[in-house]
Amino acid sequence: MAADDPMMRIRLPPELKDRIADAAKASGRSMNAEIVHTLSKAYPAEPKEVGDDPSFEEVRALHRQMTLAIEKWVREQDAQKASRDNDLD
């Protein structure tokens, strides 16, 4: 089996296989999907950027800064348009 082959065979104790089957049935997933779901929770993907995920407050502050910058840009665009309109009069 090649390293990049997504297929993987594993041996499970019968009791574990039964528990996975029960969990899959309860969640409405196939056994494979249940295993992938469980492993994905146990082994989350690494963040794409170096550093910790930002806190809610950091995201809120960044959102506020962006909102203020956009509002300023819109006011400047409106002022430029008004100036051009006055020049045409």
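**Figure 1. A nonpolar patch on the surface of the predicted model.** L62, M66, I70, W73 and V74 make a nonpolar surface patch of about 510 Å². The model shown is predicted. L62, one of the patch residues, is found in helix α3, which covers residues 56-88. L62 has a relative accessible area of 47% and is therefore partly exposed.

**Figure 2. The chain as a whole.** The chain has three helices and zero strands. Along the sequence the pattern reads α-α-α. Of the 89 residues in the chain, 3% are buried. The chain exposes about 8600 Å². Carbon and sulfur atoms supply 57% of that exposed area.

**Figure 3. Helix α1 and the residue just after it.** Helix α1 spans residues 14-27, a run of 14 residues. From its first C-alpha to its last, α1 reaches 20 Å. That is close to the 20 Å expected at 1.5 Å a residue. G28 comes just after α1. Its phi is positive, at about 75°.

**Figure 4. M31 and its contacts.** M31 lies in helix α2, residues 31-42. What does M31 touch, leaving aside its neighbours within four places in sequence? The contacts are K17, I20, A21 and A24. K17 is 14 residues from M31 in sequence. In space, the two C-alpha atoms are 8.8 Å apart. Is M31 buried or exposed? With a relative accessible area of 28%, M31 is partly exposed.

**Figure 5. E34, a buried residue of helix α2.** E34 has its place in helix α2. Its relative accessible area is 9%, so E34 is buried. The cut-off for buried is under 20%. Residues up to four places away in sequence are not counted in the contacts of E34. With those set aside, E34 touches I20, A23, A24, S27 and R29. I20 and A24 are also among the contacts of M31.

**Figure 6. The E34–R29 salt bridge.** Side chains of opposite charge can pair when their charged atoms come close. The side chains of E34 and R29 meet in a salt bridge, 2.9 Å from N to O. The side chain of E34 also makes a polar contact with the side chain of R29, listed at 2.9 Å. Which partner is buried? E34 counts as buried, because its relative accessibility is 9%. R29 is partly exposed, with a relative accessible area of 32%.

**Figure 7. The K81–D85 salt bridge in helix α3.** A search of the whole structure finds two salt bridges. One of them joins the side chains of K81 and D85, at 3.1 Å from N to O. Why are K81 and D85 separated by about one helical turn? The two residues are four apart in helix α3, which means a separation of about one turn. K81 counts as partly exposed, at 46% relative accessibility. D85 is partly exposed too, with a relative accessible area of 34%. Helix α3 also holds L62, a member of the nonpolar patch in Figure 1.

Definitions and conventions:
Residues numbered from 1 in each chain as written. Predicted model: local features only at pLDDT ≥ 70, side-chain atom pairs only at ≥ 80, totals over all residues. Heavy atoms only, no water. Patch = residues over 30% accessible without salt bridge, like charges linked within 9 Å, V, L, I, M, F, W, Y side chains within 5 Å. Areas by Shrake-Rupley, 256 points an atom, 1.4 Å probe, with all protein chains shown as cover. Salt bridge = Lys/Arg side-chain N within 4 Å of Asp/Glu carboxyl O. Buried < 20%, exposed > 50% of the residue type's maximum accessible area, 1.4 Å probe, protein only. Contact = heavy atoms within 4.5 Å. Polar contact = N/O pair within 3.5 Å; in protein donor to acceptor, adjacent residues only side chain to side chain. Expected span 1.5 Å × (residues − 1).
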